[in-house]
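Subject: Handover of a structure

Dear colleague,

Please find the structure below for your review. A short account of what was found in it follows.

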Amino acid sequence: MKKRNRALSILLALSLCLSLFSIAALADGEDGPPAGGAVQEEALPPAPVETEAENPPAPEAGRGELPAPIAGEEEREDVASDVFAATLVEKLKNHVLTEVNHTGTAAKPGKPGAFDQNFAVYIDRLEEVIRACAAAYAEEVGQETLNERYAELNSYSKINSTHDQAIISLLSEVLAAGVTYTHTVTGEGLGTGGRPISDGSESFYTYCSEAGYAYPRMGLGYRSAEPAAEISSRAARLVRALEAGYPLDAYGLSARYDEMIAPKTGMGLNTQQVIWDILADRSAPTYTDAYSQALFNYATTDQVLKRVDAVTVTAQPEGPAVLTYDEAEDRFTGSFTLSAGKYAEITAVRIPENAEVTYRLPGPWSETQIPLTGASSLLPGCVITVAADGAVERVSGLSFSYVSYRRVGEELTGFLNYDVVYDGGHEVGKPYQTMIGFGMEAVMGALDVSFTLAGKPGQEPEEPEQPETAAGTLTLEKVIVGAATTVPDGLTFTLESGNGSFETRTLTLADFAQADGVYACTLEKLPLGAYTFTEQNAGLANYNLAVTFAVGGEGADRAAAVLTEEHSSAVLRITNTYTEVSGPEEVPPYVPPYRPPVTPVEPEKPTPGPAEPPAEVPETPEAEIEIPEERPPLADRPEQPPEPVHPDESTGETIIVDEAVPLGGLPQTGTADAGAVAFRDGLMIFFVILSAFSLAGLTVCIATRKR
């Protein structure tokens, strides 16, 4: 009897516990979300999944979310261009242009000077352009490729050189599709502060107008633009600095340069720093060398200097250079100095074969003798020394070509790009860059130096050998292509040279012979030296004109060549392409910063059973909600019946509940299934009765055991 009583007590106790637990669960379900899952979190585009796998596993479906599709069960949805752009921007911010890449780590420091305090501004500017270019990129590559690029982008999850470089490469593709560059970086100048850029018809020498951005890559694209406000407010000082600085050197300040760095590099760096000092409103230049001091003082004051636009390089002393015989050495030696009123780049185009020629640079390197070759870069102030064996009877002449620069145009011109350079590790390049400068043109010239021998006993004085004056051939070509069918009235051409024996020539199309669409004119027996071929009055009404140049069949930024003994002929071509003017140039519309759209998400089907606690619903700002009159059915699903109408028990208001799509993507309230509610209430009554009987039985059993 006691054993039976004990077993019955245990069963009644278990029954009581089960009943109480069930009652608690059902009571909690009354306060939770409706069984139909009407409460929805605000739908936002899903964040990219950070995983190393190429095809990351889909997360398990939770409440209020669609179940993850099974591979091969349904096709992946097409990605929109704005979603692609948003993901690219986030990857760029979180993986490439990050604080780690900006400052580096203790093990591998970064380059904090590359961005300074305007880092966030640069990123915002780049983000706006990426979003504006995404639509053009999507149209260019097509939807299928865009989907592939989007999947690849989501797989780049680590901050390392491989993933970062891949993100930068994709970014370059997007920018190339949407940004039309008008100018490109040309020429050399690695290490200098400025860069020459050109659009094929005009050349500019530019300096970076934001600190830390002094080294644009070769071939980098730029668009012309209005200078920024902070530049325009200081335009007067910047104009004076650009004119007086390298390479225009309009006031001969290059004569003050005495640094150890080569003048072409050093003056460029110092000019760049003076420009930054002006933009920073400094009261004194950062660099204290004589050139920087003179340039800064001229740019920031009303100082008046003598202007030097054109330059002529001469040999000092003038006249034939005298080579004097040294009996002890049995050699003829002599020297002369290259002189000019401003900066010029000088190259030797003919060197005597029976003499040794060296040169010394001005300034700190003046004691170092350097052998002269055709690749030597000479400057005004260089001292040329010539030595020949005592047995020679004459020394052939020495010839140079040179180029200086002068300003073209009156307006200060601005340029910008959106290129991002990534060098690997924790070294990130420029996400944005602006440049300023003037239009400029090259002024070519030539210098011939002859020698006379003197001082050798018994030697008859001889007339110095005159340099050859008729050794070169130039072929000038003119090509007209495009929509134009007439030749511009007044079209003329000019051939210029600094050779003393060559006068500038003006030509017309009547001087050219036409064959196969090419106008050609050949000039023979020209003096050796530098030549520049230009045209005038090439414009046509109602046509756009694009001008390109070629030298020897290769594209160039101008039609110019230097004739030497080794290369005594050249072909200079100017091509004009005319296109009809279709109307005023379209200005691309402003593209506002991207904001993720609120997208409705279909909830999962309701299933009876214990409910989970309600999810925290974020506060949503009140907004006007547009409810479409008709909603298209989801794929592979029949049209849903009309939305049920339920009264809100707390307020008495009637609420329309769509079991498939939350209203406007916002949180909803209401009862989704009346049958489920009745079933739940019945279960609660059953368990209440069961618990009462269990409690009564357990009480009787305990009392019986005591007797």
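How are H5 and H6 oriented to each other, roughly parallel or roughly antiparallel? Please note that the model is a predicted one. The axes of helix H5 (residues 143-155) and helix H6 (residues 161-178) cross at roughly 150° and come within 10 Å. Angles over 145 degrees count as roughly antiparallel, and H5 and H6 are therefore roughly antiparallel to each other. Their crossing is left-handed. On the H5 side, Arg149, Leu153 and Ser155 make the contact, and on the H6 side His163, Ile167, Leu170 and Glu173. By class, 3 of the residues in this contact are nonpolar, 2 are polar and 2 are charged.

A second helix pair is formed by H8 (residues 235-244) and H9 (residues 263-279), which pack at an angle of about 170° with their axes 10 Å apart. This makes H8 roughly antiparallel to H9. The contact involves Arg237, Leu238, Ala241 and Leu242 of H8, together with Thr271, Ile275, Ile278 and Leu279 of H9. Here the division is 6 nonpolar, 1 polar and 1 charged.

Turning to the interior, the largest nonpolar core comprises 67 residues. Phe336, Leu338, Leu378, Ile384, Phe400 and Phe451 have the most contacts inside this core. Strand E13 (residues 433-449) supplies the largest share of the core, with 7 residues. Leaving aside residues up to four places away in sequence, Phe336 touches ten-membered surroundings that include Ala315, Ala321, Ile384, Leu398, Phe400 and Phe451.

Yours sincerely

Conventions:
Residues are numbered from 1 along each chain as its sequence is written. This is a predicted model: local features need pLDDT of at least 70, side-chain atom pairs count only at pLDDT 80 or more; totals for chains, interfaces and linings use all residues. Side-chain values use heavy atoms; hydrogens and water are left out. Axes are lines fitted to C-alpha atoms, for helices over the stretch in contact, and angles run from 0 to 180 degrees between N-to-C directions. Helices (H or I, at least four residues) and strands (E, at least two) are DSSP runs, numbered from the N terminus. Angles under 35 degrees count as roughly parallel, over 145 as roughly antiparallel, 65 to 115 as roughly perpendicular and the rest as oblique. A crossing is left-handed if the near helix is turned anticlockwise from the far one by less than a right angle, and right-handed if clockwise. Contact means heavy atoms within 4.5 Å. Ala, Val, Leu, Ile, Met, Phe, Trp, Tyr, Cys and Pro count as nonpolar, Asp, Glu, Lys and Arg as charged, and the others, Gly among them, as polar. A nonpolar core is a set of buried Ala, Val, Leu, Ile, Met, Phe, Trp, Tyr and Cys residues joined through side-chain atoms within 4.5 Å. Buried means under 20% relative accessible area, exposed over 50%, partly exposed in between (1.4 Å probe, protein chains only).
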